[in-house]
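Student: I have a chain open on the screen and would like to go through its architecture. Could we begin with the overall fold?

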Amino acid sequence: SCLFLEILGLIVGLWAVLSIRLRQLRISPDIAPDAEFITRGPYRYIRHPMYLAVLSVALALILDRFTWSRGIAWIILLANLIAKLNYEERLLCARFPAYPDYRKRTKRLLPFVY
């Protein structure tokens, strides 16, 4: 159901925020000068749990009262977040030598899928 998807997104988002600690939370994909490489919490399984949370909550809200314009807006959001995560991953690979190995053992957004 849509409510389950929305709650799941909120839980994943909260778990991600608690795992990285608030001082590292940034809206932009640029890496803070004092950033630390996080592999705990949901980051053990996926590299971008906050993006997953945003997409899940947005999808739940769209499916609850679906219109084509809302569906297109979600697809645009998905494309935007994929572009951001590609940019962010280039920065993380350049900043943290262990990041390429981390990429090999984790998925981007969906555990076991993508």
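Tutor: Certainly. Read along the sequence, this predicted model follows the pattern α-α-α-α. The chain has 4 helices and 0 strands.

Student: How compact is the chain for 114 residues?

Tutor: The chain is as compact as a globular protein of that length, because its radius of gyration of 15 Å is close to the 13 Å that the globule rule gives for 114 residues.

Student: And what does the C-alpha trace span along its principal axes?

Tutor: The trace spans about 45 × 25 × 25 Å.

Student: What percentage of the residues count as buried?

Tutor: Of the 114 residues, 36% count as buried. As for the surface, the chain exposes about 7300 Å², and carbon and sulfur atoms supply 68% of that area.

Student: Which share of the contacts joins residues at least 24 apart?

Tutor: Among contacts between residues at least 6 apart in sequence, the share is 67%.

Student: Turning to charge, how many positive and negative charges are there, and how far apart are their mean positions?

Tutor: The chain carries 16 positive and 8 negative charges. Their mean positions are 3 Å apart.

Student: What about cysteines: how many disulfides are there?

Tutor: The count comes to 0 disulfides, taking a disulfide as a pair of cysteine sulfur atoms within 2.5 Å.

Student: Are C2 and C93 buried, partly exposed or exposed?

Tutor: C2 counts as partly exposed, at 23% relative accessibility. C93 is also partly exposed, with a relative accessible area of 25%. Neither is buried, because buried means under 20% relative accessible area.

Key:
Residues are numbered from 1 along each chain as its sequence is written. This is a predicted model: local features need pLDDT of at least 70, side-chain atom pairs count only at pLDDT 80 or more; totals for chains, interfaces and linings use all residues. Side-chain values use heavy atoms; hydrogens and water are left out. Helices (H or I, at least four residues) and strands (E, at least two) are DSSP runs, numbered from the N terminus. The radius of gyration is taken over C-alpha atoms; the globule rule is 2.2 Å times the number of residues to the power 0.38. Buried means under 20% relative accessible area, exposed over 50%, partly exposed in between (1.4 Å probe, protein chains only). Contact means heavy atoms within 4.5 Å. Accessible areas come from the Shrake-Rupley method with a 1.4 Å probe; for residues, only the protein chains shown count as cover. Lys and Arg count as positive and Asp and Glu as negative; His and the chain ends are not counted. The place of a charge is taken as NZ of Lys, CZ of Arg, CG of Asp or CD of Glu.
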